[in-house]
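Me: Please take a close look at the largest pocket in this model. Then work outward to its surroundings, and keep it brisk.

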Amino acid sequence: MSPAGPAGVAETAADVVGRFNAAWTAHDLTAALALTSKDCVFEATSPAPDGERHVGRAALRAAWKPIFDDTASRFTVEDTFTAGSRVVQRWRYDWAGGHVRGIDVFSVQNGQVTEKLAYVKG
């Protein structure tokens with residue numbers, strides 16, 4: 001069974017990623033990090049060809065802070081697919097002067113994001 005969410009109801013992986021996305025939309029880095037495991041892995045979209053790998057909340061904070069600080073930027077989820085503890089999302093990221101589209105592959109365990117692997121069209 002999944003850990004209880006805010007309303008005391010068992011959460012699915014999609015529920016956890018939904019709350020994670022809400023934190024990103026609100027540019028609330030503290031809330032986003034609270035939804036990650038202590039040893040969460042984030043693989044960024046750059047540099048090519050494999051992206052930079054960040055492990056742990058301190059590394060995630062450093063990698064994500066510039067994105068969260070740009071309050072004019074936004075991620076828009078275009079589609080979501082869930083398979084057990086995995087969530088795949090197609091998204092668009094907009095900032096002043098441009099945008100990019102991509103996909104994130106999330107792993108969720110015990111109510112926390114344990115892995116966020118990011119890929120972009122390029």
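Reply: In this predicted model, strand β6 is the top contributor to the lining of the largest pocket, giving 3 residues. Helix α3 and strands β4 (86-95), β5 and β6 each supply at least two. The pocket holds about 290 Å³ of space. Its lining counts 16 residues. Nearest the centre lie F42, A44, T45, I67 and F75. By class, the lining of this pocket has 11 nonpolar, 3 polar and 2 charged residues.

Two of those central residues lead to the cavity. I67 and F75 are named among the residues nearest the pocket centre, and I67 and F75 also line the largest cavity. A search of the whole structure turns up 1 cavity of 30 Å³ or more. The largest cavity encloses about 40 Å³. Its lining is W24, H27, I67, F68, S73, R74, F75 and Y93. Two elements, α3 and β3 (74-83), give two or more residues to that lining. The classes here are 5 nonpolar, 2 polar and 1 charged.

Next, the helices. Helix α1 (residues 13-25) and helix α3 (residues 57-69) have axes that come within 10 Å. The crossing angle is roughly 55°. The two helices are therefore oblique to each other. From α1, the contact uses F20, A23 and W24. From α3, it uses W64, I67 and F68. Sorted by class, the contact residues are 6 nonpolar, no polar and no charged. W24, I67 and F68 belong to this contact, and W24, I67 and F68 are also in the cavity lining. I67 thus links three topics: it is in the helix contact, in the cavity lining and among the residues nearest the pocket centre.

Now the backbone. Most residues other than glycine have a negative phi, and most peptide bonds are trans. What about H27, from the cavity lining? H27 is not a glycine, yet its phi is positive, about 55°. H27 sits in the loop between α1 and α2 (29-34).

N110 is another such case. Its phi is positive, about 50°, and it is not a glycine. N110 lies in the loop between β5 (98-109) and β6 (112-120). With a relative accessible area of 66%, N110 is exposed. Both strands flanking that loop, β5 and β6, supply residues to the pocket lining.

Q109 is in strand β5. Q109 is partly exposed, at 49% relative accessible area; the cut-off for exposed is over 50%. Q109 also has a partner far along the chain. A13 is 96 residues away in sequence, but the C-alpha atoms of Q109 and A13 are separated by 7.7 Å. A13 falls within the range given for helix α1, residues 13-25.

Last, the loop between β1 (36-43) and β2 (53-55). P47 is found there, and so is P49. The peptide bond from S46 to P47 is cis, with omega near 0°. The bond joining A48 and P49 is cis too, with omega about 5°. So where should you look in this loop for cis bonds? Look at S46 to P47 and at A48 to P49.

Key: Residues are numbered from 1 along each chain as its sequence is written. This is a predicted model: local features need pLDDT of at least 70, side-chain atom pairs count only at pLDDT 80 or more; totals for chains, interfaces and linings use all residues. Side-chain values use heavy atoms; hydrogens and water are left out. Axes are lines fitted to C-alpha atoms, for helices over the stretch in contact, and angles run from 0 to 180 degrees between N-to-C directions. Helices (H or I, at least four residues) and strands (E, at least two) are DSSP runs, numbered from the N terminus. Angles under 35 degrees count as roughly parallel, over 145 as roughly antiparallel, 65 to 115 as roughly perpendicular and the rest as oblique. Contact means heavy atoms within 4.5 Å. Ala, Val, Leu, Ile, Met, Phe, Trp, Tyr, Cys and Pro count as nonpolar, Asp, Glu, Lys and Arg as charged, and the others, Gly among them, as polar. Buried means under 20% relative accessible area, exposed over 50%, partly exposed in between (1.4 Å probe, protein chains only). On a 1 Å grid over the protein atoms alone, a cavity is a set of points where a 1.4 Å probe fits but cannot get out, and a pocket is an open set with protein on both sides within 12 Å along at least five of seven lines; lining residues have an atom within 4 Å of a point. Grid points are joined across faces, edges and corners, and a volume is the space filled by probe spheres set on the points.
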